[in-house]
Amino acid sequence: MHRYPRWPIHLALLAISIAMLVPFYWVLKTSVTGENIFSYPPSLIPHAPHPFYYVDVWYYIPFARYFLNSVAVSVLTVAANVTLNAMAGYALTRDFAGRRVVLMLFLSCMMVPFQATIIPAYLITGRLGLLDSYLGLALPQCSTIVCIFVFKASFEAVPSALADAARIDGLSDWGIIWRIMLPLSKAAVATNVILSFIWSWNNFLWPLIVTRSADMQTLPLGLARFLSYQEDTTGALYAFCIMVLAPGILLFLLAQKEFIEGLAAGATKG
Amino acid sequence: MIWCLLAPSLAIFLAYRVLPLAWNVVLSFEDWSPLHPARWIGWDNYDEMLFDDDVFWQALWNTLLFMASAPIAIAMALGLALLVNADIRGRDVYRTIVFLSYPLMTVAVAIIWRWMFDERVGLINYVARSLGLVDRPIEFLNSFDWALPSVIVANIWQTLGFYMIVLLTGLQSIPPELREAAAIDGAGAVRRFWAITMPLLRPAVFLCFVIGMLNSFTSFDLVYVMTGGGPGRATELLVTYIYKLGFAQTRFDYAAAVTVFFFALLISVTAVANRLSGDDAGAMRAD
């Protein structure tokens, strides 16, 4: 099938790629020059780039604090997701009374966007006494249905003879999950880690609702707050943007395959 | 033992999915705020919403417009998916570039696009003025006519890659023999596309529609940071309105009523889409 010429396809894809990348370039350029802010016409190529706006970020806002908070919440979320999803995923590979009901419940819960639950979720978290705490920030995301199904599919592919043999040797369900299932499901673990990390790292609405003190704010909140203080008057805002985006982009480029496969498996945000 | 393994996840879903839905319904029939005890008021909140609240109707209309942009994005993504499905060099690089914006933090994406749409030095105004399309810069995000389309453009930029991946997965599941057989029988490229590719791609396309609808209900971060719902209420979506009612005006009861409406709308639109697709979207999701 080599009958059609390739160059029009390349040309079209090149044009689209440029259109997709230009916004990144524009912000990156502003973050190292700041010149667009004060001059018209904006220059397309950066003149005299400098890193000072990246330094400014540390003085304008408690960047380290926001970063620490984001990391703490994300680590909590990722650890909980891998553990709880593996447990639930394993349970769903077993036969037990009520399995169909649980499956139906999970599938229905997938239809409930988090945005439709914010008012009661806030009230519930308040009753639990978890407002303005790391656990409160992480809790609603501590288990994700999509990721449970990723584990379930992966565990089902493990030969059942292995688990049966282990059970005869006296290994508990807990032991089977940790000693047999998880070591044989590296791709599923990677998918769980990446998806739950990205969802937690990027989450804005929930931290906006549950945090009270400036000390508990995460990076997205810090970014929005910085915008409201400074408007678009300093290149530091864009330096901040780049600093926040970089970990996500890096992680995505490193683990693209797991990320896309996980999304394709779930196809909706859990 | 099995139930012990399920318990933590079940507890989280019951507490943060099932219970909130029920609580919303109860709350929506009450007059309640954290400051005074609840009083049952029947349909009063819904009465106010439907007959006495212009902002609600504006937010609903904007949400529907936002939803109506999904087919445009999906058509663009379909074209892209066909292009990157071609047997060409570097197609993985193209796929990565198009998908790159999807996993990014939406707050940052909103700031990037504020900057692109800036009236003085934004790239879009600069290009438009350089080409002589406009004589004076357009204040995109402060204009009643332009604000919503601008937000939608940013949204399409971010979600295009995701639609593309879903459609690409669909394309790759079509056995190539089908198209080859049709080619041997003398069907041209256009005919093959409409007679073979499109019908077999239907589940993936409908899945995209469902995702697009969900998207119009959940794009809180983008709107909140790009425009805050303004100017006026020009970009207010139901989701931003619910947030403001609840957490800026402390009207939890009324916000609950709007949420119940919002969720019922979401479920019915999804059910209709699923029915239209011959229950295909659900089948694909369960895979």
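What radius of gyration does chain A have, and what would a compact globule of 270 residues have? Chain A comes out at 23 Å, against near 18 Å for the globule (C-alpha atoms only; the rule is 2.2 Å times the number of residues to the power 0.38). This is a predicted model, where local features need pLDDT of at least 70, side-chain atom pairs count only at pLDDT 80 or more, and totals for chains, interfaces and linings use all residues. Residues are numbered from 1 along each chain as its sequence is written, with chains lettered from A and ligands numbered from 1 in the order in which they are written.

**View 1. Chain A, helices and no strands.** Chain A has 15 helices and zero strands (DSSP runs numbered from the N terminus: H or I of at least four residues, E of at least two). Along the principal axes, its C-alpha atoms fill a box of roughly 75 × 65 × 35 Å.

**View 2. Where chain B touches chain A.** Here 70 residues of chain B are in contact with 70 of chain A (C-beta atoms, placed from the backbone, within 7 Å). Helix α1 of chain B, residues 2-28, gives the largest share of chain B's side, 16 residues. That side has 54 nonpolar, nine polar and seven charged residues (nonpolar: Ala, Val, Leu, Ile, Met, Phe, Trp, Tyr, Cys, Pro; charged: Asp, Glu, Lys, Arg; polar: the others, Gly among them).

**View 3. Helices α9 and α10 of chain B.** Leu178(B), Arg179(B), Ala182(B) and Ala183(B) of α9(B) meet Arg192(B), Ala195(B) and Ile196(B) of α10(B). By class, this contact has five nonpolar, no polar and two charged residues.

How values were computed. Axes are lines fitted to C-alpha atoms, for helices over the stretch in contact, and angles run from 0 to 180 degrees between N-to-C directions. Two residues are in contact if their C-beta atoms, placed from the backbone, lie within 7 Å.
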